[in-house]
Amino acid sequence: MTKFYKVSEERFALDGGSAADYADVKLPARATSGSAGYDFFAPFELKIAAGETVKVPTCIRCRMDEGRVLAIFPRSGLGFRYKLALDNTVGIIDADYFGADNEGHIMIKMTNRGDKDLVVEKGKAFAQGIFLQYFLTDDDAASGSRTGGFGSTDAPSGK
């Protein structure tokens with residue numbers, strides 16, 4: 001099963017969203033039947049000045065079967081026009097992130113590396129997610145479980 005959900009209103013507020021915007025948040029959707037990416041929509045107006053970095057609480061979480069990952073990218077048009085880039089280059093949302101302590105809230109941190117200010121109206125697409133299948137090595141021995149959110153799966157040194 002692969003499906004998008006909203007995080008709770010309380011979680012959205014804790015992460016920087018507002019109750020006034022919660023009801024208007026749209027779940028990610030594909031624009032056409034041939035689109036690979038699911039558009040993520042701005043939960044409120046995003047103003048990103050040239051050279052500025054913002055972290056967007058999307059209000060979105062995603063349930064996925066094991067063996068799938070959701071890769072997050074900026075919308076290509078925004079990359080071309082504003083040099084908009086994700087600070088981690090590609091966001092990787094693991095299947096077990098859904099059950100994290102932060103409800104699996106997908107946060108998107110990006111920087112306007114261009115020389116023009118960017119404004120994305122509330123409800124307009126600004127990022128996209130693509131589901132990918134992945135494979136494991138035959139000798140994989142991972143046994144840990146996730147509790148935290150971003151950066152919570154760091155392996156011990158030497159691994």
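**A buried glutamine and two antiparallel sheets**

Gln128 counts as buried because its relative accessibility is 18%, which falls under the 20% limit applied to that class. This value, like every other reported here, derives from a predicted model, in which Gln128 is found in strand β11. When residues up to four places away in sequence are not counted, Gln128 touches Gly37, Tyr38, Asp39 and Phe40, together with Ala71, Ile72, Phe73, Pro74, Arg75 and Ser76. Phe73, one of these contacts, is also the residue whose bridge partner in β11 is Gln128.

The pairing that brings Phe73 opposite Gln128 belongs to a longer register, in which strand β6, comprising residues 68–74, and strand β11, comprising residues 125–133, run antiparallel and are joined by seven bridges. Both strands are part of an open sheet of four strands, arranged in the order β2-β11-β6-β8 with antiparallel pairing. The edges of this sheet are formed by β2 (38–41) and β8 (91–94), each of which pairs on one side only, and from one strand to the next the twist averages 30°.

A further open sheet consists of three strands in the order β4-β9-β7, again with antiparallel pairing. Here β4 and β7 are the edge strands, each pairing on one side only, and neighbouring strands are turned by 30° against each other on average when direction is ignored. On one side of β9, which spans residues 107–112, strand β4 (residues 53–57) runs antiparallel to it and is connected through five bridges; within this pairing, Pro57 has Met107 of β9 as its bridge partner. Strand β7, made up of residues 84–86, likewise pairs with β9 in the antiparallel sense, in this case over three bridges. Two positions illustrate the register of β7 against β9: Leu84 stands opposite Asn112, while Ala85 stands opposite Thr111.

With regard to confidence, the protein chain has a mean pLDDT of 91, and 91% of its residues reach 70 or more. Residues 155–159, by contrast, have a pLDDT below 50, and this stretch makes zero contacts in the model beyond near neighbours in sequence. Where pLDDT is low, the predicted coordinates should not be read in detail, and the placement of residues 155–159, with pLDDT below 50, is accordingly not described further.

Methods
Residues are numbered from 1 along each chain as its sequence is written. This is a predicted model: local features need pLDDT of at least 70, side-chain atom pairs count only at pLDDT 80 or more; totals for chains, interfaces and linings use all residues. Side-chain values use heavy atoms; hydrogens and water are left out. Two strands pair if DSSP finds at least two bridges between them. pLDDT is the predictor's confidence in each residue, from 0 to 100. Contact means heavy atoms within 4.5 Å. Axes are lines fitted to C-alpha atoms, for helices over the stretch in contact, and angles run from 0 to 180 degrees between N-to-C directions. Buried means under 20% relative accessible area, exposed over 50%, partly exposed in between (1.4 Å probe, protein chains only).
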